[in-house]
Amino acid sequence: VSLLIHTGPDGEKAWPKKYPFCAGVFQSPIDFHEDILQYDSNLLPLEFIGYNVPSTDQFTLINNGHSVKMYLSPAMCIRNLPFEYTASQLHLHWGNRNKSEGSEHTVSGKHFAAELHIVHYNSEKYPDITAAMDKADGLAVLAVLLEIGPFNPSYEKIFRHFWNVKYKDQKVLVPGFNIQELLPDRLDEYYRYEGSLTTPPCYPSVLWTVFRHPVKISQEQLLALETAMYCTESDDPEPLEMVDNFRNVQEFRERLVFISFHE
Ligand SMILES: NS(=O)(=O)c1c(F)c(F)c(S(=O)(=O)CCO)c(N[C@H]2CCc3ccccc32)c1F
Ligand SMILES: [Zn+2]
């Protein structure tokens with residue numbers, strides 16, 4: 001299934017056949033534009049517990065055939081959400097070397113170069129992410145929009161390992177570091193809405209927090225992300241580049257996106 005997930009924009013048109021929720025309600029990602037945004041003074045800055053993981057710990061980074069994902073420590077969690085959410089994994093979405101517009105969420109119709117997602121599950125109500133992932137209050141995903149700028153040493157702590165996970169099912173250990181370094185400075189400014197997984201099975205189970213301010217990585221780091229990995233296994237005679245693994249924005253009718261900042 002992972003090979004079929006992102007083979008071009010037509011790939012996602014085929015999802016509902018096998019994954020009915022992908023054609024359902026509350027689908028993500030979406031475009032953030034003026035007339036659906038509403039300021040909400042109750043949206044507090046998120047509080048991160050255990051994000052500063054010591055370098056003696058290690059994260060497993062794995063190429064799962066349609067993204068590169070890094071398993072996180074169960075000691076990492078977020079407060080100031082309706083429940084306590086425990087970290088599960090982080091992964092990225094990106095475009096290709098000729099079109100560096102691979103973010104999933106867009107702002108006023110504009111794609112950013114790429115997008116980082118940190119997936120958490122509601123550990124107050126569910127024992128693990130498998131139990132949580134299809135529940136309306138099951139998941140909370142933090143999203144960071146990435147754009148081109150100076151070299152980013154924090155992102156490099158993950159990106160430097162891409163060459164060891166070029167092919168599907170390859171994995172490598174990454175020394176622990178402070179995952180909060182991957183987030184923008186203004187943790188108090190974000191978009192908030194109820195949406196879904198952006199990959200099959202597309203469960204409408206995600207409380208999305210998309211930070212307002214993008215984080216910068218260098219052109220070279222972005223190129224590494226866009227060119228290092230393949231969806232196929234190392235011995236596959238027809239290698240398939242892992243590119244354009246973002247879902248297109250979904251219809252967003254009669255709903256609002258709440259913002260924690262004034263325009
Ligand atoms: N953009 S997104 O945040 O919606 C999102 C993804 F885009 C994505 F690719 C993955 S995955 O783990 O690589 C493959 C699908 O399971 C997940 N993984 C989540 C979804 C289901 C699940 C189950 C166990 C651990 C992680 C996840 C995901 F939440
Ligand atoms: Zn994602």
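In this predicted model, proline 29 sits in the loop that runs between helix H3 (15–18) and strand S1 (31–32). The peptide bond that joins serine 28 to proline 29 is cis, with omega at about 0°. A cis peptide bond also leads from proline 200 to proline 201, where omega is near 10°. Proline 201 belongs to the loop between S13 and S14.

Backbone geometry calls for comment elsewhere too. Most residues other than glycine have a negative phi, and most peptide bonds are trans. Cysteine 202, although not a glycine, has a positive phi of about 60°. Cysteine 202 is placed in the loop between S13 and S14, and its relative accessible area of 0% makes it buried. Serine 108 likewise has a positive phi, near 50°, without being a glycine. Serine 108 is located in the loop between strand S8 (106–107) and strand S9 (110–111). With a relative accessible area of 58%, serine 108 is exposed.

**The largest pocket**

The largest pocket holds about 470 Å³ of space. Its lining is made up of 21 residues, and those nearest the centre are Gln89, His91, Val119, Leu197 and Thr199. Two or more lining residues come from each of strand S5 (68–71), S7, strand S10 (114–122) and strand S11 (139–148). S7 contributes the most, with four residues. By class, the lining of the largest pocket comprises 10 nonpolar residues, 10 polar residues and one charged residue.

Glutamine 89 is one of the residues nearest the centre of this pocket, and its place is in strand S7 (residues 85–94). Glutamine 89 is buried, because its relative accessible area is 13% and the cut-off for buried is under 20%. Its side chain makes a polar contact of 2.6 Å with the side chain of histidine 91, and histidine 91 is also listed among the residues nearest the pocket centre. Beyond four places in sequence, glutamine 89 touches Lys69, Met70, Tyr71, Leu72, His117, Ile118 and Val119.

**Salt bridges**

The whole structure contains 12 salt bridges. Three of them are set out below.

| Residues | Closest N to O distance |
|---|---|
| Lysine 157 and glutamate 181 | 2.9 Å |
| Glutamate 189 and arginine 186 | 3.2 Å |
| Glutamate 189 and arginine 212 | 3.0 Å |

Lysine 157 and glutamate 181 meet through their side chains in a salt bridge. Lysine 157 is in helix H5 (residues 153–159), whereas glutamate 181 is in the loop between strand S12 (171–175) and strand S13 (190–195), so the pair ties together parts 24 residues apart in sequence. Lysine 157 is partly exposed, at 26% relative accessibility, and glutamate 181 is partly exposed as well, at 32%.

Glutamate 189 forms salt bridges both with arginine 186 and with arginine 212. The pair of glutamate 189 and arginine 212 links distant parts of the chain, since glutamate 189 lies in the loop between S12 and S13 and arginine 212 in the loop between S14 and S15, 23 residues apart. Through shared partners, salt bridges join Arg186, Asp188, Glu189 and Arg212 into one network. Within this network, glutamate 189 is buried at 11% relative accessibility. Arginine 186, at 39%, is partly exposed, and arginine 212, at 26%, is partly exposed too.

**Proline 214 and helix H6**

Proline 214 is found in the loop between strand S14 (206–211) and strand S15 (215–217). Its relative accessible area is 27%, and proline 214 is therefore partly exposed. Apart from neighbours within four places in sequence, proline 214 is in contact with Phe112, Leu145 and Glu147. Between proline 214 and phenylalanine 159 there are 18 Å in space, C-alpha to C-alpha, for a separation of 55 residues in sequence.

Helix H6 (residues 219–227) has the buried residues Gln221, Leu222, Ala224, Leu225 and Glu226. An α-helix has 3.6 residues a turn, so residues three or four places apart point the same way. The cover over the buried residues of H6 includes S7, S10, S11, H5 and S15. Among these covering elements, S7, S10 and S11 each also give two or more residues to the lining of the largest pocket.

Note on methods. Residues numbered from 1 in each chain as written. Chains lettered and ligands numbered in written order. Predicted model: local features only at pLDDT ≥ 70, side-chain atom pairs only at ≥ 80, totals over all residues. Heavy atoms only, no water. Buried < 20%, exposed > 50% of the residue type's maximum accessible area, 1.4 Å probe, protein only. Polar contact = N/O pair within 3.5 Å; in protein donor to acceptor, adjacent residues only side chain to side chain. Contact = heavy atoms within 4.5 Å. Salt bridge = Lys/Arg side-chain N within 4 Å of Asp/Glu carboxyl O. 1 Å grid on protein atoms, 1.4 Å probe; cavity = no way out; pocket = protein on both sides within 12 Å on 5 of 7 lines; lining within 4 Å. Points joined across faces, edges and corners; volume = space filled by probe spheres on them. Nonpolar A, V, L, I, M, F, W, Y, C, P; charged D, E, K, R; others polar.
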